[in-house]
Amino acid sequence: MTHTCAWPDCSLEGSFPAPKDPRDLRLRQYFCQTHIREFNKRWNGLEGFHPDDIFKMQNVGPSWDKPTWTVGVSPTSEAAKSAPFANADDLFDFFQQRIKQKASPSAAAPLVLPPDVKEALVIFNIEQPLPAAPLKKHYLALVKQHHPDVNKSATAEEHLKRINVAYKILADYADRA
Ligand SMILES: [Zn+2]
C-alpha cells in the first residue's frame, strides 16, 4: 500500500510513517523523506499540539524561523540537527516505546523497581506492579485466603501482616506510576 505525503501541498510518495495525533500515537500518517525530517524537527518538543497546529505554524511565514517552542534553538542550528529522531527509524522506535509505556507504565522499566516493591511483588505473587484497582482486588483476594479466621495455619497471621505491608508498598507505587 502506498501513501501520499501528508504534508500540505506535497504530492510525493510518503514512505515514512509518523504519528498523526500526539494524543494517539497509534494513528499514522506518512511523509516523504524531506517532510519526515521537517515533521521530526517540529514534533520534537511539540507534544500536546495537534498536527494541524503544527502545519499552521509551518505556514506562518518568516516568523517560522523563530518558533516559540525552540527558544534559543534555531531550526538550522547544530542543536536542532543533533536532536533526536534524525531519521524515521529512530522516530518510529521512539513511538513504539511511548505506546508500550502508555499501555503498561511498568513494562518500560522493569529493572528499576525499588527493592521493597520487588519484595512486595513476591509476597503478592505477581510479576509486575498493578494499577490501583486490580491491585486492590488482588489484595482482597489474598486477605480472604490468608485471613486467620479462614486459614488456621500457624503462619497465617504473620503472612497477613506481610500482605498488608506489601499492599501499602504496591499501592504507593501505583499512585506514583
Ligand atoms: Zn512531502
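In this predicted model, helix α5 passes helix α7 in a left-handed crossing. The residues of α5 that make the contact are Asp-116, Val-117, Ala-120, Ile-123 and Phe-124. From α7, the partners are Arg-162, Ile-163, Ala-166, Ile-169, Leu-170 and Tyr-173. The two axes come within 9 Å and cross at roughly 125 degrees. Because of that angle, α5 counts as oblique to α7.

How do α6 and α7 compare? Their axes are 10 Å apart, and the two helices pack at an angle of about 175 degrees. An angle over 145 degrees counts as roughly antiparallel, so α6 and α7 are described as roughly antiparallel to each other. On the α6 side, Ala-132, Leu-135, Tyr-139, Leu-142, Val-143 and His-146 take part in the meeting. On the α7 side, the residues are Ala-156, His-159, Leu-160, Ile-163, Tyr-167, Leu-170, Ala-171 and Ala-174. Helix α7 thus has contacts with α5 and with α6, and Ile-163 and Leu-170 appear in the list for α5 as well as in the list for α6.

These helices also bring the discussion to the interior of the model. The largest nonpolar core has 11 residues in all: Ala-120, Leu-121, Phe-124, Leu-130, Leu-142, Ile-163, Ala-166, Tyr-167, Ile-169, Leu-170 and Tyr-173. Two or more residues of this core come from each of α5 (115-124) and α7 (156-176). The greatest contribution is that of α7, with 6 residues. A second, separate core has 10 residues, among them Phe-16, Tyr-30, Ile-36 and Phe-39.

Now for the chain as a whole. It contains 7 helices and 4 strands. Read from the N terminus, the order is β-β-β-β-α-α-α-α-α-α-α, with the strands ahead of the helices. Of its 177 residues, 17% count as buried. Among contacts with a separation of 6 or more, 44% link residues that are 24 or more positions apart.

The confidence of the prediction varies along the chain. The average pLDDT is 72, and 59% of the residues score at least 70. Strand β2 (residues 13-14) has the highest confidence, at a mean of 94, whereas helix α3 (residues 78-81) has the lowest, at 43. Over residues 60-88 the pLDDT is below 50, and this stretch has 28 contacts in the model beyond near neighbours in sequence. Where pLDDT is low, the predicted coordinates should not be read in detail.

Several individual residues add detail to the picture, beginning at the N terminus. Thr-2 is found in the segment before β1 (3-4). Thr-2 counts as exposed because it has 7 C-beta neighbours inside 10 Å, and 12 or fewer is the limit for that class. Ser-15 lies in the loop between β2 and β3 (16-21). Although 13 residues separate Thr-2 and Ser-15 in sequence, their C-alpha atoms are 7.4 Å apart in space. Ser-15 also has a C-alpha separation of 6.9 Å from His-3, which is 12 residues away along the chain. With 14 other C-beta atoms within 10 Å, Ser-15 is partly exposed.

A similar pairing across the sequence can be described for Pro-131, in the loop between α5 and α6 (132-146). The C-alpha atoms of Pro-131 and Ala-171 are separated by 7.9 Å, with their positions 40 residues apart along the chain. Pro-131 is partly exposed, since 13 other C-beta atoms lie within 10 Å.

Which backbone angles deserve a second look? Most residues other than glycine have a negative phi. Asp-9, a residue other than glycine, has a positive phi near 65 degrees. Asp-9 is found in the loop between β1 and β2 and counts as exposed because it has 6 C-beta neighbours inside 10 Å. Asn-125 is not a glycine either, yet its phi is positive, at about 60 degrees. Asn-125 lies in the loop between α5 and α6, and its 9 C-beta neighbours inside 10 Å are the reason why Asn-125 counts as exposed.

Key. Residues numbered from 1 in each chain as written. Predicted model: local features only at pLDDT ≥ 70, side-chain atom pairs only at ≥ 80, totals over all residues. Buried ≥ 20, exposed ≤ 12 C-beta atoms within 10 Å, placed from the backbone. Contact = placed C-beta atoms within 7 Å. pLDDT = per-residue confidence, 0-100. Core = buried A, V, L, I, M, F, W, Y, C linked by C-beta atoms within 7 Å. Axes fitted to C-alpha atoms, helices over the stretch in contact; angles between N-to-C directions. Parallel < 35°, antiparallel > 145°, perpendicular 65-115°, else oblique. Left-handed = near helix turned anticlockwise from the far one by under 90°.
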